[in-house]
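User: Hey, can you walk me through this model? I'd like the main points in plain words.

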Amino acid sequence: MQGKERLMKRIGPPGRRQPPRGGGCRFVIGVSGASGAAIGLRLMSELASRGHEVHAVITDAAVEVIRHEVGASWRLPKAVVRHGIQDPRSALNSSSFVVDAVVVAPCSMKSLSAIAAGHADNILVRAADTALRMGRTLVVVPRETPLSLSALENMAALKRGGAVILPPCASYYHRPRTVDDMTAFFVGKILDVLGVDNELYRRWGDGR
Ligand SMILES: Cc1cc2nc3c(=O)[nH]c(=O)nc-3n(C[C@H](O)[C@H](O)[C@H](O)COP(=O)(O)O)c2cc1C
């Protein structure tokens, strides 16, 4: 293995850095109108509770899905900064607002196609597009089943562009008992990609 290749394997592609342990990173969490709103909301709480700076952008469709799936009394964690989905003054419009990673969880097929096409007609898509442009970490959590050819092609395009595609695929080996257990598993997987320590699910081989 060449020196450069070895370094890339160790530290990842340029423009990506792992969050230091104990907080201090800036994350953008986009929630779009796919099922699984609890994943995005739990992710925000986990990051905020570890002292990370969390910026949220929630589409109009997502607000409806959250109301339906979580309840009318849903709230963002207090420390989270919410950006309007069409706010031209939002810092998320600009790549000069440096973030460590953008996560779209859950990601609808509509937002997926907009991100893949670079059709940045709202702040969520703009933030994701900026992450790709800047070579920053972008994690997309697409939620639909079964998948159309266009959805698969959009995922392939995003993967080629450097995104991590992390579908919320249920696992059984950690013996989930509740929907919360399953949500914690998905969020744990996202945190793993972000390099954030967590014990949200039982890892294979850890003997718990
Ligand atoms: C209860 C509910 C669940 C939905 N679940 C999904 C889903 O899992 N995946 C998906 O792609 N769209 C889903 N949709 C449809 C999207 O909300 C719709 O396509 C919307 O236009 C997406 O817009 P957005 O990407 O701007 O949030 C759902 C809609 C509702 C009302």
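**Walking through the model**

Analyst: Helix 4 is followed by glycine 118, whose phi is positive, near 70°. Helices (H or I, at least four residues) and strands (E, at least two) are DSSP runs, numbered from the N terminus.

User: What should I know about the model and the numbering?

Analyst: This is a predicted model: local features need pLDDT of at least 70, side-chain atom pairs count only at pLDDT 80 or more, and totals for chains, interfaces and linings use all residues. Residues are numbered from 1 along each chain as its sequence is written.

User: Back to helix 4, then. Which of its residues are buried?

Analyst: Ser111, Leu112, Ala114, Ile115 and Ala116. Buried is 20 or more other C-beta atoms within 10 Å of a residue's own, exposed is 12 or fewer, and partly exposed is in between, with C-beta atoms placed from the backbone.

User: What do those buried residues pack against?

Analyst: Strand 4, helix 5 (123–134), strand 5 and helix 6. Contact here is C-beta atoms, placed from the backbone, within 7 Å.

User: OK, the sheet. What's the strand order?

Analyst: The order is 3-2-1-4-5-6, an open sheet of 6 strands with parallel pairing. Strand 3 (81–83) and strand 6 are the edges, each pairing on one side only. Two strands count as paired if DSSP finds at least two bridges between them.

User: How many bridges tie strand 4 to strand 1, and how many to strand 5?

Analyst: Strand 1 (residues 26–31) is joined to strand 4 by 4 bridges, and strand 5 (residues 137–142) by 5. On the strand 1 side, phenylalanine 27 has alanine 101 as its bridge partner, and glycine 30 stands opposite valine 104. Valine 104 also has a bridge partner in strand 5, valine 140.

User: Is strand 4 buried or exposed?

Analyst: Buried: 7 of the 7 residues of strand 4 (residues 101–107) are, so the strand is largely enclosed by the rest of the structure.

User: Any odd backbone geometry?

Analyst: Some. Most residues other than glycine have a negative phi, and most peptide bonds are trans. Proline 106, in strand 4, follows a cis peptide bond from alanine 105, with omega near -5°. Another cis bond joins threonine 145 and proline 146, with omega about -5°; proline 146 lies in the loop between strand 5 and helix 6 (149–160). Then there's arginine 175, with phi near 55°, in the loop between strand 6 (164–165) and helix 7 (179–194).

User: Why is arginine 175 called exposed?

Analyst: Because arginine 175 has 8 other C-beta atoms within 10 Å.

User: Switching topic: which residues come nearest to the ligand?

Analyst: Gly33, Ala34, Thr59, Ala61 and Ser111, out of 16 around the ligand. Near means a C-beta atom, placed from the backbone, within 6 Å. Helix 3 (60–69) and helix 4 (109–117) are the elements that give two or more residues to that shell, and helix 3 gives the most, with 5.

User: How does the shell divide by residue type?

Analyst: Into 5 nonpolar, 7 polar and 4 charged. Ala, Val, Leu, Ile, Met, Phe, Trp, Tyr, Cys and Pro count as nonpolar, Asp, Glu, Lys and Arg as charged, and the others, Gly among them, as polar.

User: Last one: which residues touch the most others in the largest nonpolar core?

Analyst: Ile29, Val102, Val103, Ala105, Val140 and Ile190, from a core of 57 residues. Helix 2 (residues 37–49) gives the largest share, 8 residues. A nonpolar core is a set of buried Ala, Val, Leu, Ile, Met, Phe, Trp, Tyr and Cys residues joined through C-beta atoms within 7 Å.

Conventions: Contact = placed C-beta atoms within 7 Å.
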